[in-house]
Amino acid sequence: MANHTDKISIETAASTKINTVDFSNLDFGRVFTDHMFVCDYNDGKWENPKIMPYQAMTFEPSARVFHYGQAVFEGMKAYKDDDGKVFLFRPKQNFDRINKSSGRLAMPAFPEDYFFEGLEALLKLDNDWIKPGVGNSLYLRPFVIATEPAISASPANMYRFMIICSPAKSYYNSAVRVLIADHYSRSANGGVGAAKAAGNYAAQFYPTSLAQKKGFQQVVWTDASTHTFLEEAGTMNVFFRVNDTLITAPTSDRILDGVTRKSIIQLAEDLGITCDVRQVTVEEIKNAAKDGSLKEIFGAGTAAVISPISAFEHQDELFEISGVGAEDSYAKLFKQTLLNIQHNLSDDKHGWRHEVK
Ligand code: COI
């Protein structure tokens with residue numbers, strides 16, 4: 001399969017940390033497996049792909065990533081079924097998206113063969129870290145940073161691509177309360193909102209911290225020019241259920257083209273649920289909350305899976321959503337349907353599972 005001449009070199013860890021980890025009590029993204037994948041870009045080509053023990057790295061303080069934020073990433077998960085088979089979910093989507101993100105930040109595309117061979121070699125070495133059972137997964141974080149030691153404000157000539165892995169349970173432990181943005185913005189027309197650029201997340205931390213002080217975990221972002229259209233929450237795309245119809249915003253150069261989002265849209269079609277992909281206004285959702293037709297809001301993302309939203313506030317008007325946790329909720333239905341596919345517990349008619357052999 002490889003188009004590249006460099007074989008992935010493998011240096012294994014002298015010992016495993018796995019016995020120090022309490023898998024029943026995992027805080028998202030704090031524990032990492034024994035190994036990581038690393039590949040460098042020099043002189044116009046990706047070279048020297050290797051797997052090595054997870055460890056700290058050294059960069060010059062002038063590395064461009066520290067100054068201009070040339071950094072993009074992905075979020076993926078590996079799942080194990082009860083027979084020990086390991087699966088990725090639609091990994092080509094993540095591969096395509098990281099390169100799209102890189103392109104937007106003037107960074108070089110990463111080769112497909114290294115991406116898949118690196119991932120698969122890493123998952124074989126750290127296989128024991130993937131726990132079977134719905135609710136368990138190994139979160140995978142591919143990312144690319146500009147490593148060239150030079151601080152003129154221009155794209156780097158040297159990059160590092162890496163994959164690190166972290167055992168994960170749920171991202172949110174309970175239903176999420178959100179604040180609808182009416183001042184700050186996550187992204188703008190022609191900006192980098194559709195890219196999974198590190199800076200998109202940093203830009204949300206301050207407004208999100210203000211929301212958290214008011215008791216909300218997340219901000220639901222609105223369009224930067226008018227703050228009238230609902231777009232996405234920082235860690236997930238958002239779906240609204242009005243009566244029995246789902247509504248979600250169309251992707252654009254402001255919104256992340258989420259893999260979970262597009263899977264929900266397809267599953268809705270499979271399940272005979274109408275899903276309108278269209279612009280959705282804050283006003284119509286407030287009105288639907290007032291007249292009782294707003295049944296549910298939920299977020300969809302790789303880390304967050306499907307996370308019900310139990311309340312939203314907009315300009316000091318607070319709305320509690322009553323349908324959260326109901327047996328017949330769409331959030332529950334989509335979460336179960338998705339997890340069953342991911343964990344090899346149901347048919348995979350769209351070919352979304354990718355077995356790691
Ligand atoms: C993911 O769902 O993988 C994300 O990238 C969200 C992350 C910032 C936790």
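Helix α4 (residues 198–213) is a good place to start, as this helix contributes 7 residues to the lining of the largest pocket, the most of any element. The model is a predicted one, and the pocket in question holds about 930 Å³ of space. Its lining is made up of 45 residues, and those closest to the pocket centre are Phe73, Tyr139, Arg141, Tyr171 and Tyr201. Sorted by class, the lining of this largest pocket comprises 24 nonpolar, 16 polar and 5 charged residues. Because domain 1 (2–168) and domain 2 (176–342) both give residues to the lining, the largest pocket lies between them.

The second largest pocket encloses about 590 Å³. Here 38 residues form the lining, with Ala304, Val305, Ile306, Lys335 and Leu339 nearest the centre. Two or more lining residues come from each of β5 (76–80), α5 (259–271), β16 (305–314) and α7 (330–342). Of these, α7 supplies the largest share, namely 7 residues. The class breakdown for the second largest pocket is 17 nonpolar, 17 polar and 4 charged residues. Domain 1 (2–168) and domain 2 (176–342) each provide at least three residues to this lining.

Attention now turns to the packed interior. In soluble globular proteins, nonpolar side chains tend to be buried together. In this model, the largest nonpolar core has 55 residues, and Phe37, Trp46, Phe115, Leu140 and Phe161 are those with the most contacts inside it. The biggest contribution to this core is made by helix α3 (residues 112–125), which gives 7 residues. At least three core residues come from each of domain 1 (2–168) and domain 2 (176–342).

Leu140 offers a closer view of the surroundings of one core residue. Leaving aside residues up to four places away in sequence, Leu140 touches Glu74, Gly75, Met76, Lys77 and Ala78, along with Leu88, Leu119, Leu123, Ile164 and Cys165. A second core, separate from the one just described, has 23 residues, among them Val176, Leu230, Val242 and Ala304. Ala304 is also one of the residues nearest the centre of the second largest pocket.

Enclosed space completes the picture. The count gives 1 cavity of 30 Å³ or more, and the largest cavity contains about 40 Å³ of space. The residues lining this cavity are Glu296, Ile297, Pro308, Gly323, Val324, Gly325, Ser329 and Ala331. By class, the cavity lining divides into 4 nonpolar, 3 polar and 1 charged residues.

How values were computed
Residues numbered from 1 in each chain as written. Predicted model: local features only at pLDDT ≥ 70, side-chain atom pairs only at ≥ 80, totals over all residues. Heavy atoms only, no water. Core = buried A, V, L, I, M, F, W, Y, C linked by side-chain atoms within 4.5 Å. Buried < 20%, exposed > 50% of the residue type's maximum accessible area, 1.4 Å probe, protein only. Helix = DSSP H or I, 4+ residues; strand = E, 2+ residues; numbered from the N terminus. Domains from an automatic or database assignment. Contact = heavy atoms within 4.5 Å. 1 Å grid on protein atoms, 1.4 Å probe; cavity = no way out; pocket = protein on both sides within 12 Å on 5 of 7 lines; lining within 4 Å. Points joined across faces, edges and corners; volume = space filled by probe spheres on them. Nonpolar A, V, L, I, M, F, W, Y, C, P; charged D, E, K, R; others polar.
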